[in-house]
Amino acid sequence: MTLIALNNLTKKYGGVIANNDITFKVDKGEIHALLGENGAGKSTLVKMIYGLVQPDIGTMMLDGESFAPTDPRASRVRGIAMVFQHFSLFEALSVAENIALGMENPPKTDALSNQIRDVSLKYGLMLDPNRLVGNLSVGERQRVEIIRCLLQDPKLLIMDEPTSVLTPQEVDALFTTLRRLRDEGTSILYISHKLEEIRTLCNRATILRHGKVIGICIPKNETAKSMAEMMVGSKLKTPQKTITNFGLPLLIVKDLSLRSTDPFGTSLKDITFTIRAGEVMGVAGVAGNGQDELMLALSGEVLTKANSIQLEDNFIGQTGPVERRLQGLLTAPEERLGHAAAPEMNLSENTLISGFQRQKLGRRGFVNKLGAAAFAEKIIEKFDVRTISVGSAAKSLSGGNLQKFVMGREILQDPKVFIVNQPTWGVDAAAAAFIRQALLELALGGAGVLVISQDLDELMEISDTFTVISEGRLSAPRPIKGVTTETIGLLMGGSKEI
Amino acid sequence: MDISIVSLLATLIVAATPILLAATGELIVEKSGVLNLGVEGMMIIGAICGFIAAVNTDSPLIGFIVAALAGAALSLLFAVLTQYLLANQVASGLALTLFGLGLSALLGHRYSGIRPPSSPKMEWFGMAELPVVGPIFFNHDMMVYFSIFLVLMVWVFLKFTRGGLVLRAVGENHDAAHALGYKVIRIRILAIMFGGACAGMGGAYLSLVRVPQWTEGMTAGAGWIALAIVVFASWKPWRLILGAYLFGGVTILQLNLQANGFDMPVSYLSMAPYLVTIVVLVIMSSDRTRASLNAPASLGKIFHASS
């Protein structure tokens, strides 16, 4: 039985075709995966189903009737619910208020709170309706979104990258809920690029590439590698890790504590670790457990006690970012546009952000334009950045290309210690592999590398030592060998000793 | 020195009312995520338009209604600039203030020196005759009670109604509100116009009751104080009353001290209310974590639907 059928949907943004002649069906009571790289058109497609954008050409049928929603409310009325990748939640409002906002005719607050308790008991999604969303963990926030959807009795539940922020245990719990919903007759459209998950969860998968449907497969009968190659359209090579002996300690962090100024941020508590020459240390953890604060403290954007951070022989806790860079500590923050790079400025100008002093791209306050352009050219060539010229604005680059540029800008400055937060977030598979390889080569050359990431597979692939940040505390670093997914999951959940 | 506490308290309430009205409007505007720095301009436009209407119709009530309409009309200019043309809110707000000051001077040059019709006191069944309580609480004109009633209504609206919840949601995270299908721009325009109407009435209260006559630039920074009081109140309606009456109190106290020949240069005394505001703001914002907890998270950010 078909629940929703999409016929020849096409959507253009200006001259760019986001969706080109998309046709596929989701059956009743099935979990259907939508697979594709970033920019393959998955988001646009689900936005059309959810009524956020309207197709230029093509029609949709829901339950055998014509379906052309003009806004999300029209979709919700017809039984479509969506859990967003970046949660559409309001931090300063309570759980019940957040849920009420997503409903058409919410009951009175007390009745709604009771309904929330009922649903959360039924599906094992524990949640207190009166808490502020800002104080919830990421996993709990997702429960808010899911309960909001479930209270509407949806026929089709759309989930956009639901597991990217969850611990392995939370993922298991989510899958149990989803299977139960499927057995009750709800269809689920599941968007993800985590192929192993799709193999265990989904009945069928539709694969998109460059806005077109490339094929439909049954994930159980495929391997993760074969599906990845369908997504990318070419063979993939994985980075090669060579075993190295570590050299002298480069960065010593001891009892680093920092109070967060963000009301919903996480304060750092007694962070202690050492990075040696040639070592890649991976920091795992669910988002919002102090990663941002750790990054700010290490980069020098927020100062700490002088002796809590030591770079080689110098205490640098009270040293600003410029001086830290000159001493050889380089960083690449998570947010590419706006933090690592200035969106409106061109690539040549963007080299000045971190390279002005260390690369001597200027003198007496004047900018050496030729030098900056030459450095940008070098980055573009060495890191295979696809762009028209060094004069292109940073925001005109795709996520993967800009990330390669940012990585190149720091790595080519020959850091002693390189700290990076989410190096491959939202980056396509080929660029991600390239960036990981570059990080490994940097360590091979004798630098110390700290990688903060929420992608466990990535950390398993490139780290030598491994640690988990949870509620602002860092677990004791341990060699990556012998670390299992289960251990990591427990550490991410906040267990102290394993 | 001869200062009567009772008359001090009674006049304090009158001095605070224009600011309270304007601040209540601005609270709603800021709760929707818009920072309108044009309060001063909207107040003075309200002051002159209300004054002209009241003088020509001989009715203070019509004066206040016209003032509200004029303030809302001027704020609509700001709304179009910032919500449709995506202009910077700070610059547009400042421009609105300058424009309002200039336009009001132009409109009002034939109206200085005229007395407006007087606003009658509310009748509270003779309770105005009560000692102490009477003159303080029961001997005012209608707008004083209206301003407090308005704070009550805003509190009820924000706390208990669905409309208030949607408004807070838009101010908290406009992208999420848009994703849920709420009309961010329409909600914000309505909020801005409500703010303009309140500021207009506040201005008219100055020219029709508090002073009462028209002089150029007569708002004298009251709009800025109203903006400061919204921050002082941490965006909570009831605290607006506290902030406005505190400011009104200092204003009246310094006037009384001046009148009694208190031995201090006049400029220091007239400075006092503004100094107090600055000091209170500094204290309020000293704890950054707590200050940002109450502020609407999308305040002053430009919304552009990307999908």
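In which helix of chain A is A:Phe405 found? In this predicted model, A:Phe405 belongs to helix H13 of chain A, which covers residues 399-411. With a relative accessibility of 0%, A:Phe405 counts as buried, because the cut-off for that class is under 20%. Once neighbours within four places in sequence are set aside, the residues in contact with A:Phe405 are A:Leu347, A:Asn350, A:Thr351, A:Ile379 and A:Val385. A further relation concerns A:Ile380, whose C-alpha lies 6.7 Å from that of A:Phe405, although 25 residues separate the two in sequence.

A second buried residue of chain A sits in a loop rather than in a helix, for A:Thr266 is placed between strand S11 (249-258) and strand S12 (268-276). Its relative accessibility is 13%, and A:Thr266 therefore counts as buried. What does the side chain of A:Thr266 have 2.7 Å from one of its polar atoms? The backbone oxygen of A:Gly288 lies at that distance, and A:Gly288 also appears among the residues that A:Thr266 touches beyond four places in sequence. The others in that list are A:Ser260, A:Asn289, A:Gly290, A:Glu293, A:Glu471 and A:Gly472.

The two strands on either side of this loop lead to the sheet to which they belong. Strands S12, S11, S14 and S15 of chain A, in that order, form an open sheet of four strands with antiparallel pairing. S12 and strand S15 (314-315) of chain A each have a single partner strand and stand at the edges, so one side of each is left without a neighbour in the sheet. Between S11(A) and S12(A), which run antiparallel, there are six bridges, and in one pairing of residues A:Ile252 has A:Thr274 in S12(A) as its bridge partner. In general, the strands of a sheet pair through backbone hydrogen bonds, in either a parallel or an antiparallel manner.

Antiparallel pairing is also found in chain A between strand S1 (residues 2-13) and strand S4 (residues 57-62), which are joined by five bridges. Here A:Ile4 stands opposite A:Leu62 in S4(A). S4(A) pairs as well with strand S5 (residues 65-66) of chain A, again in the antiparallel sense and over two bridges, with A:Met61 opposite A:Ser66 in S5(A). The hairpin of S4(A) and S5(A) has two residues between the strands, and in this hairpin A:Asp63 takes a positive phi near 55°.

The last part of the picture is the interface between the chains. How many residues of chain B are in contact with chain A? On the side of chain B there are 20 residues, which are in contact with 29 residues of chain A, and the area buried between the chains is about 2,000 Å², with carbon and sulfur atoms giving 61% of that area. The count of salt bridges between chain B and chain A is one, and in this salt bridge the side chains of B:Arg168 and A:Glu97 meet at 3.0 Å, N to O. Seven residue pairs, both members at pLDDT 80 or more, are in polar contact across the interface. On chain B, helix H7 (162-172), helix H8 (174-179) and helix H13 (288-294) each supply at least two residues of the side that touches chain A, and the largest share, six residues, comes from H7(B). Sorted by class, this side of chain B has nine nonpolar, six polar and five charged residues.

Definitions and conventions: Residues are numbered from 1 along each chain as its sequence is written. Chains are lettered from A and ligands numbered from 1 in the order in which they are written. This is a predicted model: local features need pLDDT of at least 70, side-chain atom pairs count only at pLDDT 80 or more; totals for chains, interfaces and linings use all residues. Side-chain values use heavy atoms; hydrogens and water are left out. Buried means under 20% relative accessible area, exposed over 50%, partly exposed in between (1.4 Å probe, protein chains only). A polar contact is a pair of N or O atoms within 3.5 Å; within protein, one must be able to donate a hydrogen and the other to accept it, and residues adjacent in sequence count only if both atoms are side-chain atoms. Contact means heavy atoms within 4.5 Å. Buried area is the accessible area (1.4 Å probe) that two parts lose on being put together, summed over both. A salt bridge is a side-chain nitrogen of Lys or Arg within 4 Å of a carboxyl oxygen of Asp or Glu. Ala, Val, Leu, Ile, Met, Phe, Trp, Tyr, Cys and Pro count as nonpolar, Asp, Glu, Lys and Arg as charged, and the others, Gly among them, as polar. Two strands pair if DSSP finds at least two bridges between them.
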